[in-house]
Amino acid sequence: MDVVTLGESMVTFLPGRPGRLADVPSFDRAIGGAESNVACALAAFGHTARWVSRVGADGFGDHLVERIAGYGVDVSAVRRDPDRPTGVYFRTAGDRGTGAHEVAYYRAGSAASAMSTRNVDLAAVRAARVLHLSGITAALSDTCLDLLRALTAPGPDRPLISFDVNHRPGLWRTAEGPRVLLEVARHADVVFVGEDEAEQAWGVTGGPEAIRGVLPEPGVVVVKQGERGATAFAGPGRSAGADRDRATASRPSAPPPSGPPLTAASPAAHPLTAAPHAFEPALRTAVVATTGAGDAFAAGFLSATLRGLPLRTRLRHGHLFAAAALTAPGDLAPPPARDHADRLAALDAGAWGRLRLGPGRTQADRATEEANNP
């Protein structure tokens, strides 16, 4: 697989109209989950992707597996739990950034929270060029945290590790969450973290450079700066181990169609060959909902990484995927077609800055609100 993701997905209930959860009379069913969102976006973009998790032996579990598989994601390693339910959650139509936004999670004791090194197919998880994880999984249970620590530990079968910090204070049962997230992030190869969550979790202020200062080990650190854009740092980082490099380089498999194998010599895996840092402004977007935009950004950046594209281009693909999610009401939105994304990512700085993306932009080569595009 190009990418394997591991984590909990839930059935999401989106309100039929704005208002408090207490007042909304009906909801539309959708799916949501940070890691499965990444897998779905990458599969829709033409990469091979697998999602690994546990769901209940219930109708909601059926719905999740069928919907995610419908995006072209491999779900063969998803296990059914006869004793624990599939997680669900409800949310209001308001933006997460407002005080009126409400989310009601029903995930305690879920099937995914029981994931462990004993009941997850570790070979299926590691059979990837990139393994994408998030801090949400670490917060679900002690066994989930142990699983993340095992997957990020050095070893000959460890793929390139991508880690989205995804700090969710409400999920943690103790005050140890920020420390644990920093620990796991320091063992990853590519880290995604928001400037705001770095301040909230670790008290880090001073901008992207200060955040890179507390994360010197990863080869690539991507700092998301909201509406301003994103900064990526690439440097030597911590060696993931010569044994892993040799195993990856000598793996007897044909290169997948989306790019060459990730080895220590490839630009996608060894950031020494890339520019040391880059900033790219976010696109002007007609925002419908912000949920899922961070996952989409990670998918776009990883897609460009798999293809060995330059650091700035990786950031632009992240912004393009995020814009697709921002212009859709749910967690998931189709990414742009690959040739279209490549054309937009190649625009000069002036044209990129004038670009405006509106709802439906990924449904056609040029949506009506996509202006000033050569």
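Trainee: How many cavities of 30 Å³ or more does the structure hold?

Mentor: The structure, which is a predicted model, holds 1 cavity of 30 Å³ or more, and its volume is about 70 Å³. Local features here need pLDDT of at least 70, side-chain atom pairs count only at pLDDT 80 or more, and totals for chains, interfaces and linings use all residues. Side-chain values use heavy atoms, without hydrogens and water, and residues are numbered from 1 along each chain as its sequence is written.

Trainee: What makes this space a cavity, and which residues line the largest cavity?

Mentor: On a 1 Å grid over the protein atoms alone, a cavity is a set of points where a 1.4 Å probe fits but cannot get out, and lining residues have an atom within 4 Å of a point. The lining of the largest cavity includes Asn37, Ala41, Asp295, Phe321 and Asp331. Helix 1, helix 10 (293–306) and helix 11 (311–326) each supply at least two lining residues, and the largest share, 3 residues, comes from helix 11.

Trainee: How do the lining residues of the largest cavity divide into nonpolar, polar and charged?

Mentor: They divide into 8 nonpolar, 2 polar and 2 charged; Asp counts as charged and Gly as polar, whereas Ala, Leu, Phe and Pro are among the nonpolar kinds.

Trainee: Why are strand 4 (49–52) and strand 14 (277–281) called edges?

Mentor: An open sheet of 8 strands has the order 4-1-9-10-11-12-13-14, with mixed pairing. Strand 4 and strand 14 each have a single partner strand, so one side of each is left without a neighbour in the sheet. Strands are DSSP runs of E with at least two residues, helices are runs of H or I with at least four, and two strands pair if DSSP finds at least two bridges between them.

Trainee: How do you know that strand 12 pairs with strand 13?

Mentor: Strand 12 (residues 220–224) and strand 13 (residues 229–234) run antiparallel and are joined by 5 bridges, set against the at least two that pairing requires, and therefore they count as paired. Lysine 224 has alanine 230 in strand 13 as its bridge partner.

Trainee: Which strands stand at the edges of the open sheet of 4 strands?

Mentor: That sheet has the order 3-2-7-8 and mixed pairing. Strand 3 (27–32) and strand 8 (103–106) are its edges, each with a single partner strand, so one side of each lacks a neighbour in the sheet. Strand 2 (residues 10–15) runs antiparallel to strand 3, joined by 6 bridges, and proline 15 stands opposite phenylalanine 27 in strand 3.

Key
On a 1 Å grid over the protein atoms alone, a cavity is a set of points where a 1.4 Å probe fits but cannot get out, and a pocket is an open set with protein on both sides within 12 Å along at least five of seven lines; lining residues have an atom within 4 Å of a point. Grid points are joined across faces, edges and corners, and a volume is the space filled by probe spheres set on the points.
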